[in-house]
Each structure stands twice: as structure tokens, then as C-alpha cells.
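Hi everyone, thanks for making time today. I'd like to walk you through one model and how its parts pack together, so let's put it on the screen.

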Amino acid sequence: MYRNLVTPSRRLRKEQTKHEKKLWRLLRSRQVGNAKFRRQHVMGGYIVDFCCVESKVVIELDGGGHGEALQQEQDRRRDEFFMQRGWQVMRIWNSDVDE
């Protein structure tokens, strides 16, 4: 485990954005397909917003900064890292959570 990410992960769980809170209310307690989701989970040197280990699904919430070219490249590399390990990555815009 990447111990240097455990403390930031815990902090992120305590300081969720309003979009993370809203999505977490839907994902928690096996409400979606009886799948157990984790939030702000450390995986391979990254902290993912949400993941279901059983189904190998990562859900990332993206705000406006993810439209920038540099951030898009970082997201692409991150997604590739997970997909090469058999994970499906879902990216959801914050605005979609609002709707």
C-alpha cells in the first residue's frame, strides 16, 4: 500500500465536494446492483474517487479543470494505468451529478 497516500485519502473522505457527497449517497450501502463501493480509495499510487473492487470499476468525478489539455493527458494516463490492470474507468462530470 502507498502509505504516503493514506493520510490524504482520509482527509479527502472528510472533505468531500458537494458532488462527491451526492454521488456517495447513491453508491453507499450496496444500493447499486448490490455492489460495495469505496470512496477516496488508494490504488496503485493514485487516490480514486470511488471504486468497486468486486466489479473492478473506478468512478472519477470531473470538474471544469478536467477540460484543460494538461489535465486531460494526466487523466488519460491514469485511466490507462487502471485499464491495463483490468479495471473499467467511468468519468462523470460534476454537472451530470447535479442533473
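**Starting from Phe50**

Not counting neighbours within four places in sequence, Phe50 touches Glu20, Leu23, Trp24, Leu27, Phe37, Arg38, Arg39, Val57, Val58, Ile59 and Leu61. Contact here means heavy atoms within 4.5 Å.

Before going on, a word on the ground rules. This is a predicted model, in which local features need pLDDT of at least 70 and side-chain atom pairs count only at pLDDT 80 or more, while totals for chains, interfaces and linings use all residues. Residues are numbered from 1 along each chain as its sequence is written, and side-chain values use heavy atoms, with hydrogens and water left out.

**The cores**

Phe50 belongs to the largest nonpolar core, which has eleven residues: Leu23, Trp24, Leu27, Ala35, Phe37, Phe50, Cys52, Val57, Ile59, Leu61 and Val97. At least two residues of this core come from each of α2 (18-27), β2 and β3. There is also a second, separate core of eight residues, including Met43, Phe82, Trp87 and Val89. For the record, a nonpolar core is a set of buried Ala, Val, Leu, Ile, Met, Phe, Trp, Tyr and Cys residues joined through side-chain atoms within 4.5 Å. Buried means under 20% relative accessible area, exposed means over 50%, and partly exposed is in between, with a 1.4 Å probe and protein chains only. Helices (H or I, at least four residues) and strands (E, at least two) are DSSP runs, numbered from the N terminus.

**Helix α2 and the loops**

Which residues of α2 are buried? They are His19, Glu20, Leu23, Trp24 and Leu27. These residues cover an arc of only 125 degrees around the axis, which puts them on the same side of α2. That arc is taken from the directions from the helix axis to the C-beta atoms. On the other side of α2 you'll find Lys18, Arg25 and Leu26, which are exposed. The cover over the buried residues of α2 includes β1, β2, β3 and α4 (94-98).

After α2 comes Ser29, with a positive phi near 60 degrees. Most residues other than glycine have a negative phi. Ser29 sits in the loop between α2 and β1, and it counts as exposed at 61% relative accessibility. Lys56, in the loop between β2 and β3, also has a positive phi, near 55 degrees. With a relative accessible area of 32%, Lys56 is partly exposed.

**Helix α3**

Now to α3, residues 69-83. At 1.5 Å a residue, its 15 residues should span 21 Å, and the end C-alpha atoms are indeed 21 Å apart. The expected span is 1.5 Å times one less than the number of residues. Its buried residues are Asp75, Arg78, Asp79, Phe81 and Phe82. They cover an arc of only 155 degrees around the axis, which puts them on the same side of α3. The face turned away from that buried side carries the exposed residues Ala69 and Leu70. Covering the buried residues of α3 are elements including β1 (38-43), β2 (46-52), β3 (57-62) and β4 (88-93).

Two charged residues on this helix deserve a look. Arg78 is buried at 13% relative accessibility. Leaving out residues up to four places away in sequence, Arg78 touches Tyr46, Ile47, Val48, Glu60 and Arg91. A polar atom of the Arg78 side chain lies 2.5 Å from the backbone oxygen of Ile47.

Asp79 is buried too, with a relative accessible area of 14%. With the same sequence cut-off, Asp79 touches Val89 and Arg91. What does the side chain of Asp79 make with the side chain of Arg91? It is a polar contact, at 3.0 Å. A polar contact is a pair of N or O atoms within 3.5 Å; within protein, one must be able to donate a hydrogen and the other to accept it, and residues adjacent in sequence count only if both atoms are side-chain atoms.

**Rings to finish**

Searching the whole structure turns up four aromatic pairs. The rings of Phe81 and Phe82 have centres 5.2 Å apart and planes at 85 degrees, so this pair is edge-to-face. Rings of Phe, Tyr and Trp (its six-membered ring) pair if their centres lie within 6.5 Å; planes under 30 degrees apart count as stacked, over 60 as edge-to-face and the rest as tilted. Ring pairs also link Tyr46, Phe81 and Phe82 into a cluster.
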